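Biologist: Before I use any of these labels, I would like to see the reasoning behind each one. Please put the structure up and we can go through them.

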Amino acid sequence: MALLIAVGAVCYKTHIISNGINKGLSDIALKVATPALLVSSFQQELNGERLRGLGYAALLGAIALVLSAVMGYIFIRRGKNSVKDDNGRLSIERFSAIYSNCAFMGIPLINGLYGEEGVFYLTAFYALFNIAVWTHGVIMIKGETGIKQVLRALSSPALIGIAVGALLFFLNITLPGFIKETLDYAGSMTTPLGMLVAGAAIAQSDLLKALKKIRIYWVSALRLIIIPLATTALFLLFPFDDMIMGLTVAASACPAATICTMFAISYDKDSLYAGEIFAVSTIASMITLPFVMWLYQIVNSAVR
């Protein structure tokens, strides 16, 4: 994944990927590849164990999101050492700390770690994430509220993919082999497309300038280390399935969400600052993600 990010950055710097192409790749990843992977992941046998697993995944996902939000508001606030809320920068910091890149980074990561079964359980977390991002997240960045944000959340391609997949799962409908294979092929594009887009986004940032901003280090540390470790410590108090706990920790340990930059652009906030946080946290995650997962497995093995 790290090498694919590097390929995306090189392609952008050498003008193979332009801003327009990168937007197109992003749209394909979000609107085609990810929904295909989500529908395909629901092609599982309906049984009590999987239903319980989905319920546990939803519960752990809700706990992880609430914990992230509470810690984001507690540890990122106005003060003599914080940035002024100039052009939405304080809100961008909180958004970046609370919401992980569980789509572009999380889904490929879970697919690699746990396969389709892991992605199947991740859908519960991802559904809650999308609803939270398109409601609370938009309100936080835009500073406004409204029913339109809720409707937009419910009509996102990812949630439609989850709804279709869940319907097939609960009705115990098995898709014909050629359709399942087509979905698998389309879903397999999620990882390379997501990493290419992330690499191109990083290449557009002034990393040297970003690395001089102490606040970005704090936001990145909160997003990549502090919140995931707090999530791990909380989860170990409950006797849940190891895989479901592991994939939730992995999703919560991903870097800052790319959608923060998109929202900042859409609502005329400091999109450059959002991009800098995304770039630094994504690069740092190449070290922190393996570390967090390694530590989780060590601690989990010792406790269990």
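Biologist: Why is Phe75 called partly exposed?
Modeller: This is a predicted model, and in it Phe75 has a relative accessible area of 39%. Buried means under 20% and exposed over 50%, with partly exposed in between, so Phe75 is partly exposed at 39%.

Biologist: What makes Phe75 eligible for a nonpolar patch on the surface?
Modeller: A patch residue needs over 30% relative accessible area, and Phe75 has 39%. Phe75 forms the patch with Val66, Val70, Ile74 and Trp218, and together they have about 430 Å² of accessible area. Helix α3, residues 48-75, gives the most to the patch, with four residues; Phe75 itself is in that helix.

Biologist: How do you know that Tyr99 and Phe129 form an aromatic pair, and what is its geometry?
Modeller: The search of the whole structure finds 10 aromatic pairs. For Tyr99 and Phe129 the centres are 5.8 Å apart with 80° between the planes. The limits are 6.5 Å for a pair and over 60 degrees for edge-to-face, so the pair is edge-to-face. Tyr99 sits in the loop between α4 (89-98) and α5 (102-142), and Phe129 in helix α5, 30 residues apart.

Biologist: Are those two residues buried or exposed?
Modeller: Tyr99 has a relative accessible area of 3% and Phe129 has 6%. Buried means under 20%, so Tyr99 is buried and so is Phe129.

Biologist: Why is the pair of Tyr126 and Phe129 called stacked?
Modeller: Their ring centres are 6.2 Å apart and their planes are at 10°. Planes under 30 degrees apart count as stacked, so this pair is stacked. Both residues lie in helix α5, three residues apart, about one turn of the helix.

Biologist: What makes α4 largely enclosed by the rest of the structure?
Modeller: In α4, 10 of the 10 residues are buried, so the helix is largely enclosed. Among them are Arg89, Glu93 and Phe95. Glu93 has a relative accessible area of 0%.

Biologist: How do you know that Arg215 and Glu93 form a salt bridge?
Modeller: The N to O distance between their side chains is 2.6 Å. A salt bridge needs the nitrogen within 4 Å of a carboxyl oxygen, so the pair qualifies. Arg215 lies in helix α11 (residues 214-235) and Glu93 in helix α4, so the pair ties together parts that are 122 residues apart in sequence. Arg215 counts as buried at 16% relative accessibility.

Biologist: Which residues join Glu116 in a network of salt bridges?
Modeller: Lys180 and Asp184 are linked with Glu116 in that network. Glu116 and Lys180 meet at 3.3 Å, N to O. This pair links helix α5, which holds Glu116, with helix α8, which holds Lys180, 64 residues apart.

Biologist: Why is Lys180 called buried and Glu116 partly exposed?
Modeller: Lys180 is at 18% relative accessibility and Glu116 at 25%. The cut-off for buried is under 20%, so Lys180 counts as buried, whereas Glu116 counts as partly exposed.

Biologist: What makes His15 exposed?
Modeller: Its relative accessible area is 71%, and exposed means over 50%, so His15 is exposed. His15 lies in the loop between α1 (2-13) and α2 (19-41). His15 also has a positive phi of about 65°, although it is not a glycine.

Key
Residues are numbered from 1 along each chain as its sequence is written. This is a predicted model: local features need pLDDT of at least 70, side-chain atom pairs count only at pLDDT 80 or more; totals for chains, interfaces and linings use all residues. Side-chain values use heavy atoms; hydrogens and water are left out. Patches are made of residues with over 30% relative accessible area and no salt bridge: like charges are joined within 9 Å, nonpolar side chains (Val, Leu, Ile, Met, Phe, Trp, Tyr) within 5 Å. Accessible areas come from the Shrake-Rupley method with a 1.4 Å probe; for residues, only the protein chains shown count as cover. Helices (H or I, at least four residues) and strands (E, at least two) are DSSP runs, numbered from the N terminus. Buried means under 20% relative accessible area, exposed over 50%, partly exposed in between (1.4 Å probe, protein chains only). Rings of Phe, Tyr and Trp (its six-membered ring) pair if their centres lie within 6.5 Å; planes under 30 degrees apart count as stacked, over 60 as edge-to-face and the rest as tilted.
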